[in-house]
Amino acid sequence: MRSKLVAGNWKMHGGTVQNRSLLTAILAETEGLNGTDVAVCVPYPYLPQAQSLLQGTHLSWGAQNLSQHEKGAYTGEVSAAMLVDFSCRYVIVGHSERRALYGEDSHTVALKFKAAQAAGLMPILCIGETLDQREAGITEHIVAEQLDAVTKLMGVNALVKSVLAYEPVWAIGTGKTATPDQAQEVHAFIRSRIAAYSPEVATGLKILYGGSVKANNAAELFARPDIDGGLIGGASLIADEFIAICCAAKNELILE
Ligand code: PEP
């Protein structure tokens, strides 16, 4: 049985004062969720704060992006080793906002995945289709292309030390969640594509759903057999919402 993971993506939000109260509340209220992992992916400047508040606790932390390069003249970039220096466990790669706003193509994302793993970080690889692509009936083709870029570069076994996040672009930050059936269908497709190369890797891999997950829809999504938790944007900034989402993951685990 796969354990669940709920990871917050704070995007470009936060401040030392709000972060402290948010993290303190999450820490206090998610302590008993054995079997459900909880993580926060914070903006780079707040990694030292996350580290100092969360070290030695049940919460993990990580970043939202990294450079594909190891070091060098890449002004403004942050390397995998720097994230490890702040004891990050996770790093998001290929978020749709990076793909759309910063021109990251699937090959670049695969290189970032590689750089993350080479440093011992657990990449959270985001894949997902736009509304136009869904309406054109090419959702599976798109997520397959995004996934295959990584498996072709790294081999399918590289997925063992990673997490996938299926995030339909049309559901991110829009308040429009994929229905549990829509999400489950794509998650099952992703898992079966990986199973064609390695059933063991497919069975063990956590596939999170992301896109307007809230306290009131999390349980239904997490109840689906191929949905192993969530990547949470907006709701991860509101303590009560995020805590309720974590509890929904825990409850699903008990029911399974
Ligand atoms: C995200 O940023 O990965 C995300 C899923 O955002 P939201 O939950 O706000 O849709």
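Helices of at least four residues and strands of at least two are DSSP runs, numbered from the N terminus. In this predicted model, Ser87 lies in the loop that joins helix H3 to strand S4.

**Overall form**

The protein chain holds 11 helices and 8 strands. Its radius of gyration is 17 Å, which agrees with the value near 18 Å that a compact globule of 256 residues would have. Taken along the principal axes, the box filled by the C-alpha atoms is roughly 50 × 45 × 35 Å. Of the 256 residues in the chain, 54% are buried. Contacts between residues at least 6 apart in sequence were also sorted by separation, and 74% of them join residues at least 24 apart.

**Helix H2 and its surroundings**

Helix H2 covers residues 47-54, and 6 of its 8 residues are buried, so this helix is largely enclosed by the rest of the structure. The buried residues are Leu47, Gln49, Ala50, Gln51, Leu53 and Leu54. They pack against two helices and two strands: helix H1 (16-29), helix H3 (80-85), strand S2 (36-41) and strand S3 (59-63). Gly56 comes just after H2 and takes a positive phi of about 80°.

**Residues with positive phi**

Two residues that are not glycines also have a positive phi: Lys11 and Ser87. Lys11 is placed in the loop between strand S1 (4-9) and H1. Ser87, in the loop between H3 and S4, has a relative accessible area of 31% and is therefore partly exposed. The table sets these residues beside Gly56.

| Residue | Place | Phi |
|---|---|---|
| Lys11 | loop between S1 and H1 | about 50° |
| Gly56 | just after H2 | about 80° |
| Ser87 | loop between H3 and S4 | about 55° |

**Strand S4 and Val93**

Strand S4 spans residues 90-93 and contains Val93. Is Val93 buried or exposed? Its relative accessibility is 1%, so Val93 counts as buried. Leaving aside neighbours within four places in sequence, Val93 is in contact with Leu66, Val109, Lys112, Phe113, Pro123, Ile124, Leu125 and Cys126. Glu104 is 11 residues from Val93 along the chain, and the C-alpha atoms of these two residues are separated by 9.7 Å.

**The pair H5 and H7**

Two packed helices are described by the angle between their axes and the distance between the axes. Helix H5 runs over residues 106-118 and helix H7 over residues 139-154; their axes come within 9 Å and cross at roughly 50°. H5 and H7 are therefore oblique to each other, and their crossing is right-handed. On the H5 side, the contact is made by Ser106, His107, Ala110, Leu111, Phe113, Lys114 and Gln117, while H7 contributes Glu145, Gln146, Ala149, Val150, Leu153 and Met154. These contact residues divide into 7 nonpolar, 4 polar and 2 charged. Phe113 of H5 takes part in this contact with H7 and is also among the contacts of Val93.

**Helix H11 and Ala244**

Helix H11 covers residues 239-255, and Ala244 is found in this helix. Ala244 has a relative accessible area of 30%, so this residue is partly exposed. Between the C-alpha atoms of Ala244 and Ala195, which are 49 residues apart along the chain, the separation is 32 Å.

Conventions. Residues numbered from 1 in each chain as written. Predicted model: local features only at pLDDT ≥ 70, side-chain atom pairs only at ≥ 80, totals over all residues. Heavy atoms only, no water. Axes fitted to C-alpha atoms, helices over the stretch in contact; angles between N-to-C directions. Parallel < 35°, antiparallel > 145°, perpendicular 65-115°, else oblique. Left-handed = near helix turned anticlockwise from the far one by under 90°. Contact = heavy atoms within 4.5 Å. Nonpolar A, V, L, I, M, F, W, Y, C, P; charged D, E, K, R; others polar. Buried < 20%, exposed > 50% of the residue type's maximum accessible area, 1.4 Å probe, protein only. Rg over C-alpha atoms; globule rule 2.2 N^0.38 Å.
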